[in-house]
Amino acid sequence: MSKKLEDNGLWESSRMMLPQHKERIVEHNKHLTKREKPILHDDDEWEMVIQNVNLSLNYTNAVVVEVFGEYENRCVEGVITSVSMYAKKMKVESDQGFEWIDFDELVSVKLVCGGINNETIRRRVDSY
């Protein structure tokens, strides 16, 4: 008898996969890695986020804003130019343009070291 008809031979001998099958496998694997948004419970964490937003807004310091995604977080680097408390959003401007980010989607806001303002502050501190 032919080896194709024994055990799993029919599928083992056929190595062809349709694009729809591959797409479905990738989609299935993607859903396995779906995550839930971390909640900032600690007041210190929120205080740090607010402080960094204010520094960027008032002194045009560059920040890296980490935005939650269901499958992967993404980072937006730029300067915060506007904050809308009514809409609960902030506007981050970068070289590529601007983007409005919801406060509900924030994971963290960190200052970028080595910018013009940071170097100026370091020189002032070193001179004293």
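Which strands does H3 lie across, and at about what angle does H3 run to E2? Keep that in mind as you open this predicted model; the tour gets there after a look at the whole chain.

**Stop 1: the whole chain**

Colour by secondary structure. You should find 4 helices and 5 strands, and reading from the N terminus the elements go α-α-α-β-β-β-β-β-α. Now switch on a surface. The accessible area of the chain is about 10,400 Å², with 54% of that area belonging to carbon and sulfur atoms. Of the 128 residues, 20% are buried. If you like contact maps, take the pairs at least 6 apart in sequence: 47% of those contacts join residues at least 24 apart.

**Stop 2: the sheet**

Select the strands. Together, 5 of them make an open sheet with antiparallel pairing, ordered E4-E3-E2-E1-E5. At the edges sit E4 (97-102) and E5 (106-111), each paired on one side only. Look along the sheet and you can follow the twist, which averages 45 degrees from one strand to the next.

Next, zoom in on E3 (residues 89-94) and its partners. Antiparallel to E3 runs E2 (residues 74-84), and 5 bridges join the two. One pair to pick out is Val 83 with its bridge partner in E3, Met 90. On the E4 side, 6 bridges join E3 to E4, again antiparallel, and a hairpin of 2 residues links this pair of strands. Here, Glu 93 stands opposite Phe 98 in E4.

**Stop 3: H3 across the strands**

Add H3 to the selection, and the opening question can be answered: H3 lies across E1 (63-67), E2, E3 and E5, and runs at about 70 degrees to E2.

Stay with this helix and select Ser 56, which belongs to H3 (residues 43-59). Is Ser 56 buried or exposed? Its relative accessibility is 0%, so Ser 56 counts as buried. Show its side chain and you will see it reach the backbone oxygen of Asn 61 at 2.7 Å. Beyond neighbours within four places in sequence, Ser 56 is in contact with Asn 61, Val 63, Val 79 and Ile 80.

**Stop 4: the nonpolar core**

Which residues touch the most other members of the largest nonpolar core? Select Val 65, Met 90, Ile 101, Leu 106 and Val 109: these stand out among the 14 residues of that core. At least two core residues come from each of H3, E1, E2, E3 and E5, and E1 gives the most, with 3 residues.

Met 90 deserves a selection of its own. Setting aside neighbours within four places in sequence, its contacts include Val 53, Val 65, Ile 80, Trp 100, Ile 101, Phe 103, Leu 106 and Val 109. Glu 99 and Ser 82 are also among the contacts of Met 90, as is Val 83, the bridge partner you met at the second stop.

**Stop 5: Cys 75**

Finish in E2, the strand that holds Cys 75. Why does Cys 75 count as exposed? The cut-off for exposed is over 50% relative accessible area, and Cys 75 has 57%, so it is exposed. Apart from neighbours within four places in sequence, Cys 75 is in contact with Val 64, Val 65 and Glu 66. For a last distance label, join the C-alpha atoms of Cys 75 and Ser 108: they are 9.4 Å apart in space, with the two residues 33 apart in sequence.

Methods
Residues are numbered from 1 along each chain as its sequence is written. This is a predicted model: local features need pLDDT of at least 70, side-chain atom pairs count only at pLDDT 80 or more; totals for chains, interfaces and linings use all residues. Side-chain values use heavy atoms; hydrogens and water are left out. Buried means under 20% relative accessible area, exposed over 50%, partly exposed in between (1.4 Å probe, protein chains only). A polar contact is a pair of N or O atoms within 3.5 Å; within protein, one must be able to donate a hydrogen and the other to accept it, and residues adjacent in sequence count only if both atoms are side-chain atoms. Contact means heavy atoms within 4.5 Å. Accessible areas come from the Shrake-Rupley method with a 1.4 Å probe; for residues, only the protein chains shown count as cover. Two strands pair if DSSP finds at least two bridges between them. Axes are lines fitted to C-alpha atoms, for helices over the stretch in contact, and angles run from 0 to 180 degrees between N-to-C directions. A nonpolar core is a set of buried Ala, Val, Leu, Ile, Met, Phe, Trp, Tyr and Cys residues joined through side-chain atoms within 4.5 Å.
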